Amino acid sequence: MDKGQHLRLIVVGGTTQSPKNMFIALCTELTAHFAAQTEDSSTKDTTDTSGSWNEYDVVSRSGDIQFTALLADRESNTDDPLGEYYVTMLDRVTDSTVDWKLVMASGTSNRTAGKTICSGKGKITNLVANAQNRQKATYSGTLNMYG
């Protein structure tokens with residue numbers, strides 16, 4: 001069993017020729033949700049001796065990843081070449097897809113990518129900045145899985 005700080009979300013940046021793994025910097029929470037929509041596929045030909053159980057087929061899949069991170073004062077990620085911050089995430093809230101990975105991480109700041117749990121394409125659909133008086137400022141976002 002591993003601790004939560006080792007499960008990290010990576011947004012793949014860079015170019016197709018030289019991709020760059022960008023960890024969500026200063027991340028405090030991460031939730032990955034996967035779902036399958038099913039439809040009853042029982043027929044009169046269904047073999048069930050009791051007649052009590054339906055059969056289901058998966059007709060579609062969906063999912064989203066929600067994250068929360070501390071809001072740091074960064075104009076770009078030149079100070080932290082492996083970190084994705086709020087200011088750079090704002091540019092990703094578009095109608096275009098991003099490549100993402102959920103990985104088990106280790107090393108300095110948990111930024112050495114280990115085993116990839118899952119990966120895919122998605123769209124960053126929202127970013128919300130939260131700044132309460134005398135509290136650490138945070139932001140949260142949602143990546144909807146795509147394709």
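In this predicted model, the radius of gyration of the protein is 20 Å, whereas a compact globule of 147 residues would have a value near 15 Å. The C-alpha trace spans about 65 × 40 × 35 Å along its principal axes. Of the 147 residues, 28% are buried. The secondary structure consists of one helix and eight strands, and these elements follow the pattern β-β-β-β-β-α-β-β-β along the sequence.

Attention now turns to the charged side chains. Side chains of opposite charge can pair when their charged atoms come close. With a cut-off of 4 Å between a side-chain nitrogen of Lys or Arg and a carboxyl oxygen of Asp or Glu, the protein has three salt bridges.

One of these joins Lys121 to Asp99, with an N to O distance of 2.7 Å. Lys121 belongs to strand E7 and Asp99 to strand E6, so this pair ties together parts that are 22 residues apart in sequence. Lys121 is partly exposed, as its relative accessible area is 40%, and Asp99 is likewise classed as partly exposed, at 33%.

Strand E7, which covers residues 112-130, also holds Lys123. The side chain of Lys123 meets that of Asp95 in a salt bridge of 3.0 Å, N to O. Asp95 sits in the loop between helix H1 (86-89) and strand E6 (98-106), so the contact links parts of the chain that are 28 residues apart in sequence. The two partners have quite separate surroundings: Lys123 counts as buried because its relative accessibility is 18%, and buried means under 20%. Asp95, by contrast, is exposed, with a relative accessible area of 65%.

The remaining pair is Arg92 with Glu84, whose closest N and O atoms are 3.1 Å apart. Here both residues are buried.

Not every acidic side chain is paired in this way. A patch of negative charge on the surface gathers Glu39, Asp40, Glu55 and Asp57; residues in such a patch take part in no salt bridge. Where in the fold does Glu55 lie? Glu55 is found in the loop between strand E3 (27-40) and strand E4 (56-70). The relative accessibility of Glu55 is 39%, so this residue counts as partly exposed. The residue ranges of the two flanking strands also place other members of the patch: Glu39 and Asp40 fall within 27-40, and Asp57 falls within 56-70.

Note on methods:
Residues numbered from 1 in each chain as written. Predicted model: local features only at pLDDT ≥ 70, side-chain atom pairs only at ≥ 80, totals over all residues. Heavy atoms only, no water. Patch = residues over 30% accessible without salt bridge, like charges linked within 9 Å, V, L, I, M, F, W, Y side chains within 5 Å. Areas by Shrake-Rupley, 256 points an atom, 1.4 Å probe, with all protein chains shown as cover. Lys, Arg positive; Asp, Glu negative; His and termini not counted. Charge placed at Lys NZ, Arg CZ, Asp CG, Glu CD. Helix = DSSP H or I, 4+ residues; strand = E, 2+ residues; numbered from the N terminus. Buried < 20%, exposed > 50% of the residue type's maximum accessible area, 1.4 Å probe, protein only. Rg over C-alpha atoms; globule rule 2.2 N^0.38 Å.
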